[in-house]
Amino acid sequence: MVEPFAVTDCAMIAIASGEKAANLRELHDRLRRIDAPGIMYFHFWGGLLRPYFVDPEYQNDFASWAYHSLHDRYLAERLSVINPSRFEQMSDLRGEVIEVVEDRMDEPDFDPRIDGESPFFFIRGQLVVFDTGIRVDAPEQMARRIGDMTPGSIFYHFIDARRRTASGGNDFSEWLPSFGDEYVELARRIAAVDPYLASLVGLRADIARVFLERLGEGGEQ
Amino acid sequence: MSGMLENYAPIVGETVIGQIRQLARPLEGKKVVHVNSTREGGGVAEILHRLIPMKKELGIDASWEVITGDADFFRCTKEMHNTLQGDHRDIPAALLDHYRQVNARNFDRLGETLNAADIVFIHDPQPAPLLAEAAGRRGKWIWRCHIDVSRPHRRTWKFLQQFVEGYDACIFSLPDFAQPLDLPLYIIPPSIDPLSDKNVTLDSADLDVIYHAYGLDPGRPIISQVSRFDRFKDPLGVIRAFRIVQEFGPRPQLVLAGGTASDDPEGEEVLEEVRVAAARDPDIHILLLPPDAHRTINGIQRISDIVLQKSLKEGFGLTVTEAMWKGKPVIGGHAGGIRIQVVNHQTGFLVSTPEGAAMRIRYLLQHRERLAEIGERAREFVLENYLLTRHLSEYLALMVALLTGNRERIVLGEIGHI
């Protein structure tokens, strides 16, 4: 008997660290000094759960700041392709950001002391996680119900799961293979959905589409 | 289950309402008191009028207390407001002493309620010293700062800081506003209520009443700014921008609509300056509205082609959110919360001068399809981010977090009832 999928929801609240950087040199300094995992998590993933205007090009806050405030397209592009899912520890992700920043600071035509239009504020997120009481018994049922999940549930099961699961994947792909080999392909396809190029509402639609394509409107594979 | 919250479901969706109910469950029965300094006028009072009944509906024992003060007290708090937002002048020591004494007297009246509360929200600087009187408190106290204190006059901030440092947490509307303090600095933007008189959908008969009552011509473009008559809102800059636009036609009309809050003694003076600048131009309509003229403000925003909020300093700028919710492009000053709501070329335009405002007004009046497109995007942006339901949800999450300890991840199933 497979355990039902427990639909969980979450809400994130932002907490300012009090630290900010006016230019790239200060950003570098703060990144080296502040080693709070919650800060990296917030600036790479937290944007999905808070007020923002969809910026399809620069989906982490460092890249977005480099572009919009420093007007440094080169740096923004390099920062934007950092894939946070590749890093098991937030400190390793922080190290990667520092590396990219240092590369840029080393370039001879670049002055890292020039202030941006607005500072970069270091923020951490506090996540409140709660059980919705909703249980989904089978993949076919999930295909019909995923469209009703809140953006918070999508965040918890598809984004936050990367930090919780042993495989670093998402909760749907972890759950599906328990129903047999025929669901492994569906799990793989869901894992292949890019979490980085859409809002949570868009992500929900993408995941729902994969479920429906594989299982059909009536929930039959 | 039916109730006030259910009325929001057709707008934000059932799932959002369900999420709010889940978040509130651990807080059932908790005594939560909000304290501010005015029951009417200003964004804080408007939000509290809706948040308190909603919290009650969720089973939270929520209440709202208002501190009272005399003319000197409000003169002092207005000076604090202005200097915290960047004016550089010292407030006389006698006024500051009076401010402290008035708070102490208010505590004599409110102390029992505040000491018994599980959570106390103190809004803005006016009641901030209440905490210093609350030696017998049992709950968590949160200072909710609605104004921009990013570059305060140092002496005013140092004076206020002695009171704020004792709180368990602060809330600022934007990270830019947060002052470094050794306590959790939560970031929660405010919100508007889509069902309040100020934002509810109006029919064409309601709008006809507005045209008629204020002598506005439905056949000509209307540009408006709705805000208190306050120098930081730059009403004189708006008139200057309008004068430039007038040179190019097609004979627009300007509406400057506002009131004065009971805790703002400077309003009359600014209003007089605005009247002088308008110089009896029949196309400039200066409307001094009472604090409860919510439907009138709603109507003015809805009949406007473009809404301005040319503030030089701004807390969050709820009038911007209101206009965007009505599908209006907003031309806003590069200040405070306007910067995160008005996304340049997407939901409106950010400007730094009256000339910049005039340029954007002319552009939008000439490109009607862009005006409509930007307005629609502005409405969607508010729907996703700035409605009361999101605000309530964040307050609930914050209360849960404070009552369960300042951890990075709080799992409600694990901690049970708090």
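**Note on the two-chain model**

1. B:D234 sits in the loop between β7 (222–226) and α9 (235–246) of chain B, and this note, which concerns a predicted model, begins with the backbone at that residue. Although B:D234 is not a glycine, its phi is positive, at about 50°. Most residues other than glycine have a negative phi, so a reader checking the backbone may wish to know where such a residue lies with respect to the solvent. B:D234 has a relative accessibility of 11% and counts as buried, because that value is under the 20% cut-off.

2. A second residue of chain B calls for the same kind of remark. B:R280, which is likewise not a glycine, has a positive phi near 55°, and this residue is found in the loop between α10 (267–278) and β9 (284–288) of chain B. Is B:R280 buried or exposed? The relative accessible area of B:R280 is 83%, and the residue is therefore exposed, since the cut-off for that class is over 50%.

3. Turning to the strands of chain B, β10 (residues 306–309) runs parallel to β11, and three bridges join the two. Within this pairing, B:L308 stands opposite B:I331 of β11(B). In a regular strand the side chains alternate between the two faces of the sheet, which is why each face deserves to be considered separately. For β11 (residues 330–333) of chain B, both faces turn out to be covered, with B:V330 and B:G332 buried on one side and B:I331 and B:G333 buried on the other.

4. One residue of β11(B), B:V330, is also among the contacts of B:M324, a residue that belongs to helix α12 (residues 318–325) of chain B. Leaving aside residues up to four places away in sequence, B:M324 touches B:V330, B:Q341, B:T347, B:G375, B:A378, B:R379, B:F381 and B:V382. With a relative accessible area of 0%, B:M324 is buried. As a further reference for its surroundings, the C-alpha atoms of B:M324 and B:I338 are 11 Å apart in space, while the two residues are separated by 14 places in sequence.

5. Chain A has ten helices and two strands, and along the sequence these follow the pattern β-α-α-α-α-α-β-α-α-α-α-α. The C-alpha trace of chain A spans about 60 × 30 × 30 Å along its principal axes, and 53% of the 221 residues in the chain are buried. Of the contacts in chain A that link residues at least 6 apart in sequence, 72% join residues at least 24 apart.

6. An example of such an interior position in chain A is A:S153, which lies in helix α7 and counts as buried at 2% relative accessibility. A polar atom of the A:S153 side chain lies 2.8 Å from the backbone oxygen of A:T8. Which residues does A:S153 touch, if those up to four places away in sequence are not counted? They are A:V7, A:T8, A:D9 and A:T132.

7. The interface between the chains brings 33 residues of chain A into contact with 33 residues of chain B. Together the two chains bury about 2700 Å², and carbon and sulfur atoms account for 61% of this area. Two salt bridges are counted between chain A and chain B, one of them joining the side chains of A:R163 and B:E408 at 3.4 Å, N to O. Across the same interface there are 13 residue pairs in polar contact, with both residues at pLDDT 80 or more. On the side of chain A that touches chain B, β1 (5–21), β2 (120–136) and α7 (151–164) each supply at least two residues, and the largest share, eleven residues, comes from β2(A). By class, this side of chain A has 19 nonpolar, six polar and eight charged residues.

8. The two chains are also linked by strand pairing, since β1(A) and strand β6 (residues 185–187) of chain B run antiparallel to one another over three bridges. How is A:I15 matched in β6(B), that is, what is its bridge partner? The partner of A:I15 is B:Y186.

Conventions:
Residues are numbered from 1 along each chain as its sequence is written. Chains are lettered from A and ligands numbered from 1 in the order in which they are written. This is a predicted model: local features need pLDDT of at least 70, side-chain atom pairs count only at pLDDT 80 or more; totals for chains, interfaces and linings use all residues. Side-chain values use heavy atoms; hydrogens and water are left out. Contact means heavy atoms within 4.5 Å. Buried area is the accessible area (1.4 Å probe) that two parts lose on being put together, summed over both. A salt bridge is a side-chain nitrogen of Lys or Arg within 4 Å of a carboxyl oxygen of Asp or Glu. A polar contact is a pair of N or O atoms within 3.5 Å; within protein, one must be able to donate a hydrogen and the other to accept it, and residues adjacent in sequence count only if both atoms are side-chain atoms. Helices (H or I, at least four residues) and strands (E, at least two) are DSSP runs, numbered from the N terminus. Ala, Val, Leu, Ile, Met, Phe, Trp, Tyr, Cys and Pro count as nonpolar, Asp, Glu, Lys and Arg as charged, and the others, Gly among them, as polar. Two strands pair if DSSP finds at least two bridges between them. Buried means under 20% relative accessible area, exposed over 50%, partly exposed in between (1.4 Å probe, protein chains only).
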